[in-house]
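Biologist: I am new to this structure and would like to be guided through the contacts between its side chains. Could we begin once it is in view?

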Amino acid sequence: CVYQEDLPAHALVFDEEKAFEQAKELLGDSLLDSRETLRQNKERNVFFKTDHHWTGYGAFLAYKDYLERLGRDVSDLTYENTEPQVLTKEFKGTLYSKVLLDTLGIDTIETPKAGMTMDYQVRIGEKTYDSLYFENWLDQKDKYAVYFGGNFDQVDISVKNGEGTEKLLVKKDSFANSFVPYLLNDFREITMVDTRYYRGDISELAQDYDRVLVLYSISNLAEE
């Protein structure tokens, strides 16, 4: 819906406007809708050309909206402040895989410098890592899986040198993967739960956290 005017005439699309209206009716003021922010900045590629996910810049815009919702001062926060780092300039995403149209071009995956330099631990299953980036995926087709190595039932991040004091639970789909690196300096602990794979009681799990963020693409939210 952000780039609606660029679609071919009579293209059949998921009615995101109606879905957002229904979400607003159900969720009220707890719904954070970043469509207008994305629209105001869409000349700078807030979504990949070859994939349905946010670019690093698109994820940053959603992050900035979220901080503002939390009451933080974001007046001086810019994408350049995050010192974006290039993970790859050779990304061809899921849309490219469906269409195989060379004129779509090639995308660049960027992430904030904090994700590369801060001191934290990532726990996935029984294994612990010192980075949320799995660079071996950059040599494979699904380069978006450079974030966390893909999607898992539960991912726990403990930040050792950040300024955050709260614990955040993120109920998510894959849109959160490029978003979470921006949060490292804002929360002491971040747990990501993907309900496509998680079989525990999320309501019970949430009791251990200061905040809960449900972060979804609107189509996946509607489906669930």
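Modeller: A salt bridge is taken here as a side-chain nitrogen of Lys or Arg within 4 Å of a carboxyl oxygen of Asp or Glu. Please keep in mind that this is a predicted model.

Biologist: What is the N to O distance at which the side chains of Lys171 and Glu224 meet?

Modeller: The cut-off for such a contact is 4 Å. Lys171 and Glu224 form a salt bridge, and the distance from N to O is 3.3 Å.

Biologist: How many residues apart in sequence are the parts that Lys171 and Glu224 tie together?

Modeller: Lys171 belongs to strand β6 (residues 167-172), whereas Glu224 is in the segment after α8 (218-223). The pair therefore ties together parts of the sequence whose separation is 53 residues.

Biologist: Is Glu224 buried or exposed?

Modeller: A residue counts as exposed when its relative accessible area is over 50%. Glu224 has a relative accessible area of 53%, so this residue is exposed.

Biologist: How many salt bridges does a search of the whole structure find?

Modeller: One of the salt bridges joins Asp107 to Lys49, with the closest N and O atoms 3.3 Å apart. A network of salt bridges also links Glu17, Asp33, Arg35 and Arg39. For the whole structure, the search gives a total of 16.

Biologist: Asp107 forms a salt bridge with Lys49; in which loop does Lys49 lie?

Modeller: The closest N and O atoms of Asp107 and Lys49 are 3.3 Å apart. This pair links distant parts of the chain, 58 residues apart, with Asp107 in strand β2 (residues 107-111) and Lys49 in the loop between α2 (35-40) and α3 (56-69).

Biologist: Is Asp107 buried or exposed?

Modeller: Buried residues have under 20% relative accessible area. Lys49, with 39%, is partly exposed. Asp107 has a relative accessible area of 4%, so Asp107 is buried.

Biologist: With which residue does Glu126 form a salt bridge?

Modeller: Glu126 is exposed, at 71% relative accessible area. The partner is partly exposed, at 35% relative accessibility. The closest N and O atoms of the pair are 3.6 Å apart, and the partner of Glu126 is Arg123.

Biologist: Over the face of which residue does Arg35 lie?

Modeller: Arg35 is a member of the salt-bridge network that also includes Glu17, Asp33 and Arg39. Arg35 is also placed 3.8 Å from a ring centre, over the face of Phe20.

Biologist: Let us turn to the rings. Why is the pair of Trp54 and Phe179 called tilted?

Modeller: Planes under 30 degrees apart count as stacked and those over 60 as edge-to-face, the rest being tilted. The ring centres of Trp54 and Phe179 are 6.4 Å apart and their planes lie at 40°, so the pair is tilted.

Biologist: Where does Phe179 lie, and how many residues apart in sequence are the parts tied together by Trp54 and Phe179?

Modeller: Both Trp54 and Phe179 are buried. Trp54 is in the loop between α2 and α3, while Phe179 is in helix α6 (residues 176-179), so the pair ties together parts whose separation in sequence is 125 residues.

Biologist: What is the angle between the planes of Phe60 and Tyr182?

Modeller: Phe60 and Tyr182 are both buried. They belong to one aromatic cluster with Trp54, Tyr57, Tyr63, Tyr66, Tyr79, Phe175 and Phe179. Their rings form a tilted pair, 6.1 Å centre to centre, with an angle between the planes of 55°.

Biologist: Which element gives the most to the largest nonpolar core?

Modeller: In soluble globular proteins, nonpolar side chains tend to be buried together. The largest nonpolar core here has 49 residues, and Tyr120, Phe148, Ile157, Phe179 and Leu183 have the most contacts inside it. With eight residues, the element that gives the most to this core is α3.

Biologist: Finally, what is the area of the nonpolar surface patch made by Leu26, Leu27, Val212, Val214 and Leu221?

Modeller: Leu27 is in helix α1 and is partly exposed, with a relative accessible area of 42%. Together, Leu26, Leu27, Val212, Val214 and Leu221 make a nonpolar surface patch of about 460 Å².

Notes:
Residues numbered from 1 in each chain as written. Predicted model: local features only at pLDDT ≥ 70, side-chain atom pairs only at ≥ 80, totals over all residues. Heavy atoms only, no water. Helix = DSSP H or I, 4+ residues; strand = E, 2+ residues; numbered from the N terminus. Buried < 20%, exposed > 50% of the residue type's maximum accessible area, 1.4 Å probe, protein only. Patch = residues over 30% accessible without salt bridge, like charges linked within 9 Å, V, L, I, M, F, W, Y side chains within 5 Å. Areas by Shrake-Rupley, 256 points an atom, 1.4 Å probe, with all protein chains shown as cover. Phe/Tyr/Trp six-rings, centres within 6.5 Å; stacked < 30°, edge-to-face > 60°. Lys NZ or Arg CZ within 6 Å of the ring centre and 35° of its normal. Core = buried A, V, L, I, M, F, W, Y, C linked by side-chain atoms within 4.5 Å.
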